[in-house]
Each structure stands twice: as C-alpha cells, then as structure tokens.
Amino acid sequence: MFIEPAYKSQRSGWIEVICGSMFSGKTEELIRRLKRARIANQKVEIFKPSKDTRYDERKLVSHDENALLSKPVVHSKEVLLVHSDTEVIGIDEAQFFDSQLVDACQELAIQGKRIIVAGLDMDFRGMPFGPMPSLMAVAEYITKVHAICPHCGNLATHSYRLSDEAETIVLGEKDKYEPRCRLCFSMGTILSFKKPV
Ligand code: ZN
C-alpha cells in the first residue's frame, strides 16, 4: 500500500500517479488518499474532466459509490486556478485531459502542493492513453493497480472493449468493457462469451 512521505519536511510538493485498467480500483485508491488528507485537516480540491459524465456531474464517484465532491473542468488550465491555500489536489480520469495537464501538475507541485492523479494507463487498444505516460515520467510516485481477468483469474492490466465502436473515447462500464490479462486481451473476440447481445 502507498505510504505518503512526511509532508512538512519537503519544501516543494510532489506528483503521485495511480494508474491501471478499468475496474482496478484507481478511483477508490484516489478517494482513500484524499479522505485521509481531509481527516488531517488538509485543504483538498478535486477535479475531473467534464467529458466524464457517467456518474454525478459534481461528485467523484467510484464504482462502489464512495463519493467526494469534484469540479468538472474542460481544459487543464482550469486546474491552475486552485485556491492558494489548497494543499492536496486530486485529479481523476486524467487520461481524458489535454497534454497541458503535465505542465499544470508540475507547476502546482513546485508551488508546494501534493498532486494525486488517477487514470487509465492504456486505451482499449492497449496503447498509452492521453497525458498519462508523460505524467508517469514526471511523477515522484507511481502506483499501478490491477483488476482480475474474468477469463483466467490472472492479474488484468488491459481494458477490453466489448462493443464494436472504434473511437478512442467511448464512455461505458461493464456493459462496454471488461478487464483482461495480457494474454486474454491478445486473444480478442475469441473470448467474447461475455459480449452483450
Ligand atoms: Zn486472462
């Protein structure tokens, strides 16, 4: 489990990345870290892309409905408008943000803030997703979480799309995606017994 470094002993802030496939618990881990910071009376602000409309407009909600209030933003520049007192910044679904999120996170970290970014590391094709690889390159701490492959029980690292849509961003849950291990992901539709009819 991720253990935070001693906050007050550092002059600058830092960037943490929580990445993994769908259904791997990324948002749950983000919420766990943010709730603990709140309990410690640290001022927390949370952002998510306005593109992600699967759940409540303002709440940061994981699949298990553990919720915190978040601000939906259109462009990563809006993240820079945080209150100067804010100590901890949470960003969910970071893969949907533009590439300038990387610079925004670095600037906020230099200002002394702790940035916790959660997002999909790979898209449904298994390719690096949006600003996530660059965020992982500049982050001090990276936590990769995994789901479990429903076909073989191994660790699932990939998000397999069950529908035929070809766009990179297609919002959906268990109706459109399932977690898969590397091998089952590579087998594609041969394993499509769960495909909805
Ligand atoms: Zn598998």
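Which residues are linked in a network of salt bridges? The members are E4, E16, E29, R32, R33, R36 and R114. Keep in mind as we go through them that this is a predicted model.

Let's start with E16, which sits in strand β1 (residues 14–20). Its relative accessibility is 0%, so E16 counts as buried. The side chain of E16 makes a polar contact of 2.9 Å with that of R33. Setting aside neighbours within four places in sequence, the contacts of E16 are F2, R33, R114, I115, I116, V117 and Y141. Two of those names, F2 and Y141, come back further down, where the rings are discussed.

Next, R114 and E4. Their side chains form a salt bridge, with 3.0 Å from N to O. It joins distant parts of the chain: R114 belongs to strand β7 (residues 114–120), while E4 is in the segment before β1, 110 residues apart. Both residues of this bridge, R114 and E4, are buried.

R32 is another member of the network, and you'll find it in helix α1 (residues 26–39). With a relative accessibility of 22%, R32 counts as partly exposed. Not counting residues up to four places away in sequence, R32 touches M1 and F2. So F2 turns up again: it is in contact with E16 and is touched by R32.

Now step back from the network. How many salt bridges does the count come to? The count is ten. Side chains of opposite charge can pair when their charged atoms come close. Take E45 and K71, whose side chains meet in a salt bridge at 2.6 Å, N to O. This one runs from strand β2 (residues 44–49), where E45 lies, to strand β5 (residues 71–73), where K71 lies, and the two are 26 residues apart. E45 is buried, at a relative accessible area of 8%, whereas K71 is partly exposed at 37%.

K144 and D121 form a salt bridge too, their closest N and O atoms being 3.0 Å apart. K144 is in strand β8 (residues 141–145) and D121 in the loop between β7 and α3 (132–138), so this pair ties together parts 23 residues apart in sequence. Here K144 is partly exposed, with a relative accessible area of 42%, and D121 is buried at 6%.

On to the rings. By the rule used here there are four aromatic pairs. In one of them, the ring centres of F96 and F129 are 6.1 Å apart and the planes are at 80°, so the pair is edge-to-face. F96 comes from the loop between β6 and α2 and F129 from the loop between β7 and α3, so the pair ties together parts 33 residues apart in sequence. Both rings are tucked away: F96 counts as buried at 9% relative accessibility, and F129 counts as buried at 6%. Y160 and F185 also form an edge-to-face pair, at 6.1 Å centre to centre with 85° between the planes. That pair links Y160 in strand β11 (residues 158–161) to F185 in helix α4, 25 residues apart. Y160 and F185 are buried. As for F2 and Y141, ring pairs link them with W14 into a cluster.

Helix α4 also leads us to the metal. Which residues are the protein donors of the zinc ion? They are C149, C152, C181 and C184, each through SG, at 2.3 to 2.4 Å from the ion. The angles among the four donor atoms run from 101 to 120°, and the site is tetrahedral. Along the chain, the donors follow the spacing C-x2-C-x28-C-x2-C. C149 lies in the loop between β9 (147–148) and β10 (155–156) and C184 in helix α4 (residues 182–186), so the two tie together parts 35 residues apart in sequence. C149 and C184 are both buried.

Finally, have a look at two backbone spots. F23, in the loop between β1 and α1, has a phi near 65°, a positive value in a residue other than glycine. F23 is buried, with a relative accessible area of 19%. E93, in the loop between β6 (88–91) and α2 (101–110), likewise has a positive phi, near 50°. At 10% relative accessibility, E93 counts as buried.

Definitions and conventions. Residues are numbered from 1 along each chain as its sequence is written. This is a predicted model: local features need pLDDT of at least 70, side-chain atom pairs count only at pLDDT 80 or more; totals for chains, interfaces and linings use all residues. Side-chain values use heavy atoms; hydrogens and water are left out. Donors are N, O and S atoms within 2.8 Å of the metal (3.2 Å for Na, K and Ca); water is not among the atoms, so sites may look incomplete. Four donors count as tetrahedral if all angles lie between 85 and 135 degrees; four count as square planar and six as octahedral if opposite donors are over 155 degrees apart and all others between 65 and 115; anything else is irregular. Helices (H or I, at least four residues) and strands (E, at least two) are DSSP runs, numbered from the N terminus. Buried means under 20% relative accessible area, exposed over 50%, partly exposed in between (1.4 Å probe, protein chains only). Contact means heavy atoms within 4.5 Å. A polar contact is a pair of N or O atoms within 3.5 Å; within protein, one must be able to donate a hydrogen and the other to accept it, and residues adjacent in sequence count only if both atoms are side-chain atoms. A salt bridge is a side-chain nitrogen of Lys or Arg within 4 Å of a carboxyl oxygen of Asp or Glu. Rings of Phe, Tyr and Trp (its six-membered ring) pair if their centres lie within 6.5 Å; planes under 30 degrees apart count as stacked, over 60 as edge-to-face and the rest as tilted.
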